[in-house]
Amino acid sequence: MPYEGDTHPQDGRGASGARLLAEAAALKQFSRRAFFAGAGVSGVLAADMLLTREVQSQRRSNRILAVPDGFADAYYPDASWFLFPGYKTSWEEAQWILNSLRGALNKRARLAAVGYSNQGLDIDGLVIAVIEYVRAQKLTKLFFYGHSFGGMVATQVAARLLEIHGVEVEFIVLDSSPYSKHDVLDQSWFDGVVFLYESGVRFPSTLRGGYELGERVIHKDERTWRQILDQTLEQLSPIAPSNLLIQSESAYIYHFDGLRFVDKLGSAKMAYIGNPRDRTVRYETAVEAWAVAFKANMVASDLQTTGAAPAHASPGWNPNIYRPILERLLDENFPLPRGGSRVTVF
């Protein structure tokens, strides 16, 4: 029988066991919280990846995206606008631009946006997509709207349509379109993107957010902080153009040579609209180059989107500035019938 005051090894073991039990309970509680938190984050990321993968899988080919308009669809079934979107412009934003300009454009033709394939910019594929749509819709009049670098694409597609299929475009609007790589103001960034692309380097998606935000902050003078946030988030969404498409667009701009298409547009009319305060494309050199090279087709090159913000190709943000300019252009070059016409201007 132990004497009073003797030490008991069991007591030490008991205290250690109690501490272990307490730590295990705390660990269990912590692990449960961490597990549920981690599972929640993983679920969101997995859902986003699945959504992105699904959206991207549906955009592997070029597509013509009709924008319904009751008036234009009823009165101009044989005519259509095709909006060729600018750099890093998603399918949804292209349709949004058309909706913003609806009141000016729908008095001459129906509305459709061109959706570039996320597998990369492919002019031959675009020509096929457009001509298939033209034939399916039985179109006889085509109007092209070139949004930013989309003006380059619109010009080449128009030349190819006439050369290959004998289809002549009525009108090409060049909205702040560069004529060549030399009209792009940020040459250091531009050269780097093209060099990486042509070297086989692709931007990792994980770096996209920082890259997009940085590019817009650099050009802060053209945007408000709200626009920077909105446009950056657009590029991070599942519907945004793929990195491959963006890099191929850069390479296209870098190698574009407008002289290849001079005298190959038939009687198509062209007009340039832009803003001297543009900080993305050098307005003065771009408008002069287009006007000189395509002088046989150019009907207007002095129309300016003064007051637009951002200054570069922003009809979606500034429809009240763009619509009057487009209405003036269309009234002067494609006047509506007078008296007794079924078409009413509203």
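Start by selecting helix 3 (residues 91-105) together with helix 11 (319-333). Helices here are DSSP runs of H or I with at least four residues, strands are runs of E with at least two, and both are numbered from the N terminus. From helix 3, show Ser 100, Leu 101, Gly 103, Ala 104 and Leu 105; they meet Pro 319, Tyr 322, Arg 323, Leu 326, Glu 327 and Leu 330 in helix 11. A contact means heavy atoms within 4.5 Å. Colour that patch by class and you get 7 nonpolar, 2 polar and 2 charged residues. For this count, Ala, Val, Leu, Ile, Met, Phe, Trp, Tyr, Cys and Pro are nonpolar, Asp, Glu, Lys and Arg are charged, and the others, Gly among them, are polar.

Before you go on, two notes about what's on screen. This is a predicted model, where local features need pLDDT of at least 70 and side-chain atom pairs count only at pLDDT 80 or more, while totals for chains, interfaces and linings use all residues. Residues are numbered from 1 along each chain as its sequence is written, and side-chain values use heavy atoms, with hydrogens and water left out.

Now, how do the two helices sit against each other? Two packed helices are described by the angle between their axes and the distance between the axes. For helix 3 and helix 11 the angle is about 35° and the axes are 8 Å apart. The axes are lines fitted to C-alpha atoms, for helices over the stretch in contact, and angles run from 0 to 180 degrees between N-to-C directions. The crossing is right-handed, meaning that the near helix is turned clockwise from the far one by less than a right angle (anticlockwise would be left-handed).

**Salt bridges**

Stay on helix 11 and pick Asp 331. Its side chain meets Arg 108 in a salt bridge, 2.7 Å from N to O. The term means a side-chain nitrogen of Lys or Arg within 4 Å of a carboxyl oxygen of Asp or Glu. Arg 108 sits in the loop between helix 3 and strand 3, and the two partners are 223 residues apart. Asp 331 is partly exposed at 46% relative accessible area, whereas Arg 108 is buried at 7%. Buried is under 20% relative accessible area, exposed is over 50%, and partly exposed lies in between (1.4 Å probe, protein chains only).

Next, select Arg 328 and Glu 332, another salt bridge, with the closest N and O atoms 3.4 Å apart. Both lie in helix 11, 4 residues apart, about one turn of the helix. Arg 328 is partly exposed at 47%, and Glu 332 is exposed at 53%.

Then jump to Arg 110 and Asp 73, whose closest N and O atoms are 3.5 Å apart in their salt bridge. Arg 110 belongs to strand 3 (residues 110-115) and Asp 73 to helix 2 (residues 70-75), so the pair ties together parts that are 37 residues apart in sequence. Arg 110 counts as buried at 15%; Asp 73, at 33%, is partly exposed. The whole structure has 6 salt bridges.

**The loop before helix 11**

Select Thr 305, in the loop between strand 7 (298-304) and helix 11. Buried or exposed? Thr 305 is buried, with a relative accessible area of 0%. Leaving out residues up to four places away in sequence, Thr 305 touches Gly 274, Asn 275, Ala 311, Ile 321, Tyr 322 and Ile 325.

Most residues other than glycine have a negative phi, and most peptide bonds are trans. In this loop, look at Pro 310: a cis peptide bond joins Ala 309 to Pro 310, with omega about 0°. Then click Ala 313, in the same loop between strand 7 and helix 11. Ala 313 isn't a glycine, yet it has a positive phi of about 40°, and it is buried at 9%.

For another positive phi, go to Ser 176, at about 60°. You'll find Ser 176 in the loop between strand 5 (171-175) and helix 6 (187-198), buried at 1%.

**Helix 9, then zoom out**

Select helix 9 (residues 243-255). Of its 13 residues 10 are buried, so helix 9 is largely enclosed by the rest of the structure; among them are Leu 245, Ile 246 and Tyr 252.

Finally, show everything: 11 helices and 7 strands. Buried residues make up 48% of the 346 residues.

Technical notes: The expected span of a helix is 1.5 Å times one less than its number of residues.
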